Amino acid sequence: MKRYTIIVLLLLGAFVRLYAQTDRREVRQGNRNFRKEQFQQAEIGYKKGLIKDSLSVAANYNLGNTLYRMDNWQQADRFFATAIDSLANTPKGADAFFNAGDSFLKQRKWQEAVDSFKDCLRRNPSDMDAKSNLAYAQKMLQNEQQNQDQNQNQNQNNDQNQDQNNDNNQNQDKDQNQDQNQDNKDNNQDNKDNNQDKDNNQDQNKDQNRNNDQDQDQNNQPQGGQQPKISPEAAQQMLQAIQDQEKETQDKVNKEKALQARSKKKEKNW
């Protein structure tokens with residue numbers, strides 16, 4: 001910050017000689033406020049001077065320095081640029097490029113800072129501060145470009161991975177669908193086989209039942225054409241039943257004969 005203060009003091013005398021039209025009361029008042037670090041009052045003074053002379057190199061340059069000290073770097077760039085147009089080919093051109101480069105560093109505008117410090121060194125090759133700031137700006141620019149390349153490569157890799165994942169997912173879905181279709185086909189075939197087995201079992205059961213009925217009929221029929229054997233007790237009961245029936249029949253016949261005889265006898269008495 002000391003460099004900016006010295007430049008302002010030196011420029012005050014230089015511009016009195018080179019640019020007498022800028023030696024206005026407002027610019028002088030701004031310079032006094034700047035030395036006191038009353039930057040807002042200095043800003044007002046320089047802007048009043050620009051109202052009277054918009055091309056005032058002292059007002060533009062010193063206003064740029066004032067805005068820089070107020071951390072208003074973007075507006076400072078505009079006034080530095082106007083001053084550089086007039087100072088580029090003067091001994092003070094190196095300082096104008098240096099201050100512009102320093103403002104670009106604050107804004108992390110590495111490429112613009114590199115260009116400004118190079119312009120400063122072309123006019124003052126022995127400026128060690130400019131060399132140091134140039135090296136710093138070049139390093140930061142290199143890092144930024146590397147980061148951009150890495151981010152770009154990372155994005156490309158992410159896109160490729162995303163495409164690969166999409167392809168894998170599609171292939172996986174296709175394989176799953178094929179497996180599902182095959183499973184459904186196998187299940188249908190199993191169901192068909194089960195139904196066929198069920199029908200075969202039903203047919204076998206029908207045949208078995210039919211055979212069982214036939215076997216039952218055969219079992220109920222006498223084997224070898226022979227009559228079934230009767231136990232002695234059953235034979236005796238059957239014989240006794242026959243005898244009882246014959247006796248009952250014989251008794252009935254005898255009763256009828258006796259009745260007829262009585263009838264004949266009665267008729268005979270008469």
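**Exercise 1.** How many aromatic pairs does a search of the whole structure find?

*Solution.* Keep in mind that this is a predicted model. The search of the whole structure turns up four aromatic pairs. Let's work through two of them.

**Exercise 2.** Classify the pair formed by Phe98 and Phe117, then place it in the chain.

*Solution.* Start with the geometry: the ring centres of Phe98 and Phe117 are 5.6 Å apart. Next, take the angle: the planes lie at 70°, and over 60 degrees counts as edge-to-face. The Phe98–Phe117 pair is therefore edge-to-face. Now locate the partners: Phe98 belongs to helix H6 (residues 93-106) and Phe117 to helix H7 (residues 110-123). With their positions 19 residues apart, the pair links distant parts of the chain. Finally, check the surroundings: both Phe98 and Phe117 are buried.

**Exercise 3.** Do likewise for Trp110 and Tyr136, and decide whether each is buried or partly exposed.

*Solution.* The centres of the Trp110 and Tyr136 rings are 6.0 Å apart and the planes stand at 85°, so this pair is edge-to-face. Trp110 lies in helix H7 and Tyr136 in helix H8 (residues 128-220), 26 residues apart, and again distant parts of the chain are linked. For accessibility, Trp110 has a relative value of 4% and so counts as buried. Tyr136 comes to 43%, so Tyr136 counts as partly exposed.

**Exercise 4.** Which ring does the charged end of Arg78 sit over?

*Solution.* The ring is that of Phe79, with the charged end of Arg78 4.4 Å from the ring centre.

**Exercise 5.** Describe the fold as a whole in terms of helices, strands and burial.

*Solution.* Count the elements: there are nine helices and zero strands. Then turn to burial: 27% of the 270 residues are buried.

Key
Residues are numbered from 1 along each chain as its sequence is written. This is a predicted model: local features need pLDDT of at least 70, side-chain atom pairs count only at pLDDT 80 or more; totals for chains, interfaces and linings use all residues. Side-chain values use heavy atoms; hydrogens and water are left out. Rings of Phe, Tyr and Trp (its six-membered ring) pair if their centres lie within 6.5 Å; planes under 30 degrees apart count as stacked, over 60 as edge-to-face and the rest as tilted. Helices (H or I, at least four residues) and strands (E, at least two) are DSSP runs, numbered from the N terminus. Buried means under 20% relative accessible area, exposed over 50%, partly exposed in between (1.4 Å probe, protein chains only). A charge sits over a ring if NZ of Lys or CZ of Arg is within 6 Å of the ring centre and within 35 degrees of the ring normal.
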